[in-house]
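This report looks at how two helices pack against each other and then at two loop residues with an uncommon backbone angle. Please have the sequence and the structure in view while reading.

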Amino acid sequence: MIEKWKINSSFWLLMIVVLLPLAGCGGKSVTPLSATQQDAIKYNQRGIKAEARGDRESALDNFNESLRINDAIENTDGMVVALVNISRVNRYKEEIDAARRAIDRAVNLITPLSPLYSEVAYEKSKVSLQSKDLTDAREWTVKSLAAETGNKRGSRLNLLARILYLEGRFDEAGEKAKESLTLNRKAKLREEEANSLRLLGGIFTSTKRPGEALEAYKQALALDKALGKSRKIAGDLRGLALLYVSLNEPEQTMRLYRRAYAVSLNDGDVESAAGDLLKMSQLYEKMGDKVKSERLLSERDALLKKSEKH
């Protein structure tokens, strides 16, 4: 199953980019950062920490303050970093217009020669994907990939494979996902390796290769469990559930949706847990058990109402 990912790992990269001027290289002297520049970095760091603990409003406040300070001293790179982080948080909040405004401003501040361009193009592609503009998302992913010279090529290829999958171009998607898997394993990027495997699981399911799909999902699940990524674990379980739907095995499907539901509920992802209840209700209805189907629908309604009150 290929679904919307909520990945926060790129925030650390954007913090490191800002801190690079602090380090010397080969004994060369480096101009110390001014107190104002250091303040901008501190706000960026605070924003990263706030986002990590789920306080997105505080994260936005800090990133916007970093942007204001960098704007006041015309520090373009600092502005770009802040804008990408602002876009990313708004995207997670599903405030897509605000995300687009921020990333478009970042795009206008730099050229493809900038060391930040790959990250900017990557975020631009994510915003376009969330807006369901697959063509634009693919074009920006290709730009991001072309500009990437480090170990982020795997993540860019994962995104390209995902877009190709959504476009129904399964063979191309599979090739990119396999290439990404090789790169991520070589770079020991286990989270991206799991993403590659999850992609392949969805592609293999769609192309009726159940044995390969099962193996890919199992490997992704093992990695995500080791990493403690609850939402990814739930995604792996839902992917496996869809695999068993295609195999017409309702009992296995139900068991996997129950596991995904429990993981999401305990992680506080109420929306996904409610979706699992709906899937199980529909499955019971298809099996002719209307009582259980209606009970699960009532449970779903109660869960969503409780969430709204909180």
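## How helix 12 and helix 13 cross

In this predicted model, helix 12 and helix 13 pass each other in a left-handed crossing. Helix 12 covers residues 230-246 and helix 13 covers residues 250-267, and their axes, which come within 8 Å, cross at roughly 165°. Because an angle over 145 degrees counts as roughly antiparallel, helix 12 is described as roughly antiparallel to helix 13.

## The residues in contact

On the side of helix 12, the residues that meet helix 13 include Ser-230, Ile-233, Leu-237, Arg-238, Leu-240 and Tyr-244. Helix 13 contributes, among them, Gln-252, Leu-256, Tyr-257, Arg-259, Val-263 and Asp-267. Taken by character, the residues of this contact between helix 12 and helix 13 comprise twelve nonpolar, four polar and four charged ones.

## Two loop residues with positive phi

The loop between helix 12 and helix 13 holds Asn-248, a residue other than glycine whose phi is nevertheless positive, near 55°. Asn-248 has a relative accessibility of 62% and therefore counts as exposed.

Glu-94 lies elsewhere, in the loop between helix 4 (76-92) and helix 5 (96-109), and although Glu-94 is not a glycine, its phi is positive at about 65°. Is Glu-94 exposed or partly exposed? With a relative accessibility of 46%, Glu-94 counts as partly exposed, because that class lies between the cut-offs of 20% and 50%.

Definitions and conventions
Residues are numbered from 1 along each chain as its sequence is written. This is a predicted model: local features need pLDDT of at least 70, side-chain atom pairs count only at pLDDT 80 or more; totals for chains, interfaces and linings use all residues. Side-chain values use heavy atoms; hydrogens and water are left out. Axes are lines fitted to C-alpha atoms, for helices over the stretch in contact, and angles run from 0 to 180 degrees between N-to-C directions. Helices (H or I, at least four residues) and strands (E, at least two) are DSSP runs, numbered from the N terminus. Angles under 35 degrees count as roughly parallel, over 145 as roughly antiparallel, 65 to 115 as roughly perpendicular and the rest as oblique. A crossing is left-handed if the near helix is turned anticlockwise from the far one by less than a right angle, and right-handed if clockwise. Contact means heavy atoms within 4.5 Å. Ala, Val, Leu, Ile, Met, Phe, Trp, Tyr, Cys and Pro count as nonpolar, Asp, Glu, Lys and Arg as charged, and the others, Gly among them, as polar. Buried means under 20% relative accessible area, exposed over 50%, partly exposed in between (1.4 Å probe, protein chains only).
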